[in-house]
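Welcome! Here is a short briefing to read alongside the sequence and the 3D view.

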Amino acid sequence: MAAGFLVMSFVQNGQYLLLPKHHLIRSCLFFPELHIKKNIRQRLQDYELYFDRDFDLILEKCVTIHGEDWLTPPLIRAIKEIRSGFNSSGTKDLPVKPVSFALYREGRLVAGEFGIAAGKVYTSYSGYYEEDNAGTVQMILTAQYLEKNGYDFWDLGMPLDYKLTLGAREISRKEFLQLFLPNSVLLADML
């Protein structure tokens, strides 16, 4: 994760296998390029975004909605173990931290996502929404949070239309690594 891999998992012949993955083309959002449609901009004020709140619940909802095809029980345990390695001030000698973003409307959790913070880059792993436009609002508010808190860019993984609509740019693996690796806590310490 600290080297920019997306860590996934799958079952083969009854065995769980980890699958570190680097897409040939990566979808990345550079915050000045964030595009907010007018009809969504008007709805942003109706929601509240919380950083790193309801992590376990968001993880469970992602599995419930998307299934265990890649987000298998052993991978979930590993992510939770990495997360539990951090103290209350958020520091530990680990190069990455699993975090979440929770979107609330009128006191009810309506969307969320979890991913990995590595240095000044946040990488999305999975997300969900429970009402129309809540997923889009969550992504916009997450991008604004990341920019405000000093992240360099948001790694959205493989390119999909909804990511490009928000202003994400498709970049090659080589370009991604050139941008990501200087931001990596692990590698910055080694340089």
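**Salt bridges and surroundings**

Lys-97 and Asp-52 are joined through their side chains by a salt bridge, with 3.5 Å from N to O. Lys-97 belongs to strand E5 (residues 97–105) and Asp-52 to the loop between strand E4 (48–51) and helix H2 (55–66), so this pair ties together parts that are 45 residues apart in sequence. Please keep in mind that this is a predicted model. The salt bridge count comes to ten, and the points below look at some of them before turning to a surface patch and a helix.

**Lys-61 with Glu-130**

- A salt bridge also brings together the side chains of Lys-61 and Glu-130, at 2.6 Å from N to O.
- Distant parts of the chain are linked here: Lys-61 sits in helix H2, while Glu-130 sits in the loop between strand E7 (121–129) and helix H4 (134–148), 69 residues apart.
- Lys-61 is partly exposed, at 22% relative accessibility.
- Glu-130 is partly exposed too, with a relative accessible area of 35%.

**Glu-131 with Arg-105, and the network**

- The side chains of Glu-131 and Arg-105 form a salt bridge of 2.7 Å, N to O.
- This pair again links distant parts of the chain, since Glu-131 is in the loop between E7 and H4 and Arg-105 is in strand E5, 26 residues apart.
- Glu-131 counts as buried because its relative accessible area is 15%, under the 20% cut-off.
- Arg-105, at 25% relative accessibility, is partly exposed.
- Through shared partners, salt bridges connect Lys-61, Arg-105, Glu-106, Arg-108, Glu-130 and Glu-131 into one network.

**A nonpolar patch on the surface**

- Which residues form a nonpolar patch on the surface? They are Met-158, Leu-160 and Tyr-162, which together have about 280 Å² of accessible area.
- Tyr-162 lies in helix H5 (residues 161–165).
- With 46% relative accessibility, Tyr-162 is partly exposed.

**Helix H4**

- H4 has 15 residues, which should span 21 Å at 1.5 Å a residue, and the C-alpha atoms at its ends are indeed 21 Å apart.
- Many names appear on the list of buried residues in H4, including Ala-134, Val-137, Gln-138, Leu-141 and Leu-146.
- An α-helix has 3.6 residues a turn, so residues three or four places apart point the same way.
- After H4 comes Gly-150, which has a positive phi near 85 degrees.

Definitions and conventions
Residues are numbered from 1 along each chain as its sequence is written. This is a predicted model: local features need pLDDT of at least 70, side-chain atom pairs count only at pLDDT 80 or more; totals for chains, interfaces and linings use all residues. Side-chain values use heavy atoms; hydrogens and water are left out. A salt bridge is a side-chain nitrogen of Lys or Arg within 4 Å of a carboxyl oxygen of Asp or Glu. Helices (H or I, at least four residues) and strands (E, at least two) are DSSP runs, numbered from the N terminus. Buried means under 20% relative accessible area, exposed over 50%, partly exposed in between (1.4 Å probe, protein chains only). Patches are made of residues with over 30% relative accessible area and no salt bridge: like charges are joined within 9 Å, nonpolar side chains (Val, Leu, Ile, Met, Phe, Trp, Tyr) within 5 Å. Accessible areas come from the Shrake-Rupley method with a 1.4 Å probe; for residues, only the protein chains shown count as cover. The expected span of a helix is 1.5 Å times one less than its number of residues.
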